[in-house]
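Me: I'd like to practise reading strands, turns and helices from a model. Can we go through it feature by feature?

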Amino acid sequence: EYVITRPDTPTPWINYLGLDEYCAIISNTAGGYSFHKDPRDRRITRYRYNNLPPDRPGRYIYLRDNLTKEYWSATWQPTNKDLKKYRYECRHGLGYTKISSGYRGIETTLTYFVPLKENLEAWILRVKNTTNKRRSLSLFTYIEFCLWQAIMDMQDFQYSLNISQAQCIQNTIYHLTYYYPKAGFKTFAYFSSNKRILGFDTDRETFIGNYRDESNPLAVERGISFNSGNYGGNPIGSHHLKLTLRPQQEEELVFILGVDEDKPKAQEKINKYKDPKYALKKLQELKERWETALSNLEVSTPDEEFNRMVNVWNQYQCRITFNWARSASFYESGIGRGIGFRDSNQDCLGVLHVEPSSVKQRIIDLAKNQFKRGNSFHQYFPLTKAGDKSGYSDDHLWLIVSTTNYIKETGDFGFLKAKVPFADGGAATLYEHLMRAIDYSFKNCGRHGMPLLGYADWNDCLNNLGKEAES
């Protein structure tokens with residue numbers, strides 16, 4: 001675990017949760033956003049680019065003392081209480097983040113994680129009354145939905161703010177924008193609680209109130225939800241629950257945020273995760289998965305910090321980068337990059353010893369973005385598999401590096417015979433793809449017999465040298 005002992009870091013420290021299709025980016029104060037497969041085409045929660053603070057909105061839980069009417073947040077942001085009175089600690093672990101806090105005699109521990117093979121994130125909240133008095137608390141959750149397609153959500157307000165739809169049914173809030181099964185649009189998001197809720201809000205402006213922000217929502221201030229529906233506007237998910245805690249009593253709650261295409265199946269997931277023991281079991285499975293993965297490579301030197309970096313954090317970084325390919329962060333919007341052809345071939349090298357089957361599939365996906373001439377798209381988007389940009393003179397050659405290293409690691413020479421389509425039609429063996437990559441470079445040389453530089457190549461600053469420049 002990487003431990004952060006005060007929340008006001010110079011810039012947010014983020015963790016990436018999720019090893020499969022679902023990704024949750026979370027900062028040390030619970031800011032960030034989630035997406036399913038693709039941060040551009042299936043964004044789940046909203047991120048405001050280059051914002052102040054830079055990591056809002058996020059995954060927030062507000063706590064309110066119903067006697068004094070004072071309220072605060074379990075993750076410091078967004079209420080930002082005086083740090084002289086507020087205890088805080090964040091632990092970024094392998095695939096999970098745990099934020100602990102204490103304020104006015106109420107201790108909380110909030111653990112966020114994405115279970116293996118699940119398209120959801122779970123929040124496990126422990127609330128303890130450390131005083132000698134009975135405490136009456138109100139809890140309010142808060143997430144802000146994105147309208148799936150992040151570019152439209154950011155640019156096309158006149159349309160997107162007219163079509164949004166979110167509603168609460170029993171304990172679950174559903175984000176239903178673009179949910180039209182008869183027309184083939186089946187994906188929806190849901191946000192649920194394992195405890196009975198007293199109220200809800202699905203409209204941002206109603207929950208926050210006029211001329212306010214996440215630091216002082218009107219619903220939290222007054223201590224009761226508005227039960228607002230969302231049919232146009234900015235959709236959110238907020239539950240209102242009440243807790244009464246005896247002295248030293250502790251309560252455990254679970255909140256589930258996910259995506260699905262089948263409401264009964266989504267309800268099955270919700271029913272399972274309503275049991276905190278089940279959620280904790282899934283968290284333990286995640287930890288064991290990382291223990292197993294890290295055991296494949298272990299070094300021992302006299303330098304403990306070097307050992308820790310190589311045995312844990314470098315491998316963790318390589319696995320997360322392989323998954324999400326730098327396409328989504330707080331400095332990369334998740335809109336323009338997709339899966340980089342050059343980058344992802346390089347990423348394969350860092351995880352071959354742990355995930356050879358995943359690397360094999362990635363190489364196939366990359367080869368599908370190669371043209372019959374031998375060159376390739378510069379990137380592709382994981383949800384649609386659509387390629388984008390071309391003209392880079394080195395992209396296609398990296399396919400050779402990833403494939404040969406895969407074979408060295410696995411001995412799977414038969415992989416070279418796999419039939420893989422080209423981006424512009426037709427198909428050939430993977431071996432033929434590699435040969436065409438080499439041929440393309442030899443056929444595109446300058447007057448000195450060196451490969452032409454192309455667009456950007458390995459150094460984006462070399463574009464201005466012109467089309468005749470050589471590498």
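Me: How many residues lie between β9 and β10 in their hairpin, and which residue in the turn has a positive phi?

Reply: A reminder before we begin: the model is predicted. Two residues separate β9 and β10 in the hairpin. Arg 104 in that turn has a positive phi of about 55°.

Me: In what sense do β9 and β10 pair, and over how many bridges?

Reply: Read the direction, then the bridges. β9 spans residues 96-103 and pairs with β10 in the antiparallel sense, over eight bridges. For a register mark, take Lys 98, which is opposite Thr 111 in β10.

Me: Which strand lies on the other hairpin with β10, and how many residues are between them?

Reply: That is β11, with six residues in between. Lys 117 in this turn has a positive phi of about 60°. β10 and β11 (residues 120-129) run antiparallel and are joined by eight bridges. Phe 113 has Ala 122 in β11 as its bridge partner.

Me: Why is β10 called largely enclosed?

Reply: Count residues under 20% relative accessible area; those are buried. In β10 (residues 106-113), six of the eight residues are buried, so the rest of the structure largely encloses this strand.

Me: Is helix α8 mostly covered or mostly open?

Reply: Start with the general idea. An α-helix has 3.6 residues a turn, so residues three or four places apart point the same way. Now the case here. α8 (residues 341-351) is mostly covered, with eight of its eleven residues buried. Among them are Phe 341, Asn 345, Cys 348 and Val 351.

Me: What covers the buried residues of α8?

Reply: The cover includes α7 (304-324), α9 (356-367) and α10 (398-410). Strands β20 (339-340) and β21 (379-380) also contribute.

Technical notes
Residues are numbered from 1 along each chain as its sequence is written. This is a predicted model: local features need pLDDT of at least 70, side-chain atom pairs count only at pLDDT 80 or more; totals for chains, interfaces and linings use all residues. Side-chain values use heavy atoms; hydrogens and water are left out. Buried means under 20% relative accessible area, exposed over 50%, partly exposed in between (1.4 Å probe, protein chains only). Helices (H or I, at least four residues) and strands (E, at least two) are DSSP runs, numbered from the N terminus. Two strands pair if DSSP finds at least two bridges between them. Contact means heavy atoms within 4.5 Å.
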